[in-house]
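Trainee: I would like to go through this model and ask what stands behind the terms used for it.
Mentor: Go ahead.

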Amino acid sequence: RFMSSVPSFKASDLHIDFCPPEQLKSKPAVKDLVFGRNFTDHMLKIYYNDQSGWGKPRITPLQDLRLHPAAKVLHYAVELFEGMKAFRGVDDEIRLFRPGKNMERMNRTAARSSLPTFDSEELIKLLKKIISIDQEWVPHTESSSLYIRPTMIGTEPTLGVQRPTEALLFVILCPVGPYFASGFKPVSLLADPQYVRAWPGGVGMMKMGSNYGPTLEIQKQAEARSLHQVLWLFGPEHRITEVGAMNIMVFLDKGNGERELVTPPLDGLILPGVTRDSILSLARQWKEFTVSERDITMAEIVQAKSEGKLLEMFGAGTAAVVTPVGEIHYEGQVIKIPTMEHENPLTQRFFDAIKDIQYGRVKSEWTVPI
Ligand code: PMP
């Protein structure tokens, strides 16, 4: 769990500067929420430096950061982040969903980013605290939630291309609306093999900001062709790896009544998604079809489509839980996928099963009350 030789910060050292009542912001209507545009009243900050280690955690009013223009983050992209959510359940209880998974991933990314690690349990305690302070920001409507963005940056104000000796961990919170306000809309994907997101020996499995900046121009190219997202391919055999900032899942008919759910293995190119892991666990409990973590190529997708065996394809991630895929634009072809056209699509079943847990309709060890 705690991988550093540096002692962690402690939640019990927390200091709170409450936002004065006259500065509290009014809460936007759920229908006006656009992802990542509205922030709650408070933030969490914890400074680190090599001499004195982690400082005391502080919750303060949301405020701008002050950084020296030489801060390493601004030059060498020494940055990582996480994305997780808190949900107001049908019983009005606020719950986190598998927060330990995000904390493990954050610590793995910190270690690879030459940023300091910390005790996951201590940050979970602090998240519970800041969410309870800003609890009125957790939407009261089902399908909306509070997005949590833990972030860490290298702040040492020197230009040497060396690991930072100073860092800042901060957490900001955003109320977010439903991704699919009026039912699922299958998305269209651009699969262009000339671009890759991650490569062997690289950091595709880490949640570093430097993995995301270079994808934005390719996303723009997809949008210029009126497509929704990018399907990231890899290698001469055009393996499918991820879709946008989601893991990818494919549901195949294997003939003679057998079916298979396929997702690429965690081989270093794939971000180990919490949603991916949750879907695999549910599918393995259900025992209705084969569950495979294996490579899958565009040739296999095209072949399955031509044989009528490509049943469903969907992205999996915290933002929307699942995002059905309707078509892939690949080397001049348009591959149509009937993801939501079956009776009782698997995509919908995973969505419902995970939402039931997140909103407290189904009790599960995956939820942690604040
Ligand atoms: N892949 C990438 C590249 C991502 O950025 C994300 C979002 N964290 C995911 C997959 C899905 O991960 P999770 O289910 O933990 O949100």
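**Terms and the values behind them**

Mentor: This is a predicted model. On its surface, Leu65, Leu67 and Leu74 form a nonpolar patch, with about 240 Å² of accessible area together.

Trainee: Why is Leu67 called partly exposed?
Mentor: The relative accessible area of Leu67 is 34%. Buried would mean under 20% and exposed over 50%, so Leu67, at 34%, is partly exposed.

Trainee: What makes Leu67 eligible for a patch?
Mentor: A patch residue needs over 30% relative accessible area, and Leu67 has 34%, so that condition is met. Leu67 lies in the loop between strand S4 (58–61) and helix H1 (72–76).

Trainee: Where is Thr297, and which residues is Thr297 in contact with, leaving aside neighbours within four places in sequence?
Mentor: Thr297 lies in the loop between strand S15 (290–293) and helix H6 (298–306). With those neighbours left aside, Thr297 is in contact with Glu237, His238, Arg239 and Ile240. Contact is the word because heavy atoms come within 4.5 Å. Lys355 is 58 residues from Thr297 in sequence and 30 Å away in space, C-alpha to C-alpha.

Trainee: What makes the pairing of Thr275 with the ligand a polar contact?
Mentor: An N or O atom in the Thr275 side chain is 2.6 Å from an oxygen atom of the ligand. The limit is 3.5 Å, so the pair counts as a polar contact. A polar side-chain atom of Thr318 also lies 2.6 Å from a ligand oxygen, and for Arg105 the distance is 2.9 Å.

Trainee: How much of the ligand does the protein bury?
Mentor: Taken alone, the ligand exposes 390 Å², and the protein buries 96% of that.

Note on methods: Residues are numbered from 1 along each chain as its sequence is written. This is a predicted model: local features need pLDDT of at least 70, side-chain atom pairs count only at pLDDT 80 or more; totals for chains, interfaces and linings use all residues. Side-chain values use heavy atoms; hydrogens and water are left out. Patches are made of residues with over 30% relative accessible area and no salt bridge: like charges are joined within 9 Å, nonpolar side chains (Val, Leu, Ile, Met, Phe, Trp, Tyr) within 5 Å. Accessible areas come from the Shrake-Rupley method with a 1.4 Å probe; for residues, only the protein chains shown count as cover. A salt bridge is a side-chain nitrogen of Lys or Arg within 4 Å of a carboxyl oxygen of Asp or Glu. Helices (H or I, at least four residues) and strands (E, at least two) are DSSP runs, numbered from the N terminus. Buried means under 20% relative accessible area, exposed over 50%, partly exposed in between (1.4 Å probe, protein chains only). A polar contact is a pair of N or O atoms within 3.5 Å; within protein, one must be able to donate a hydrogen and the other to accept it, and residues adjacent in sequence count only if both atoms are side-chain atoms.
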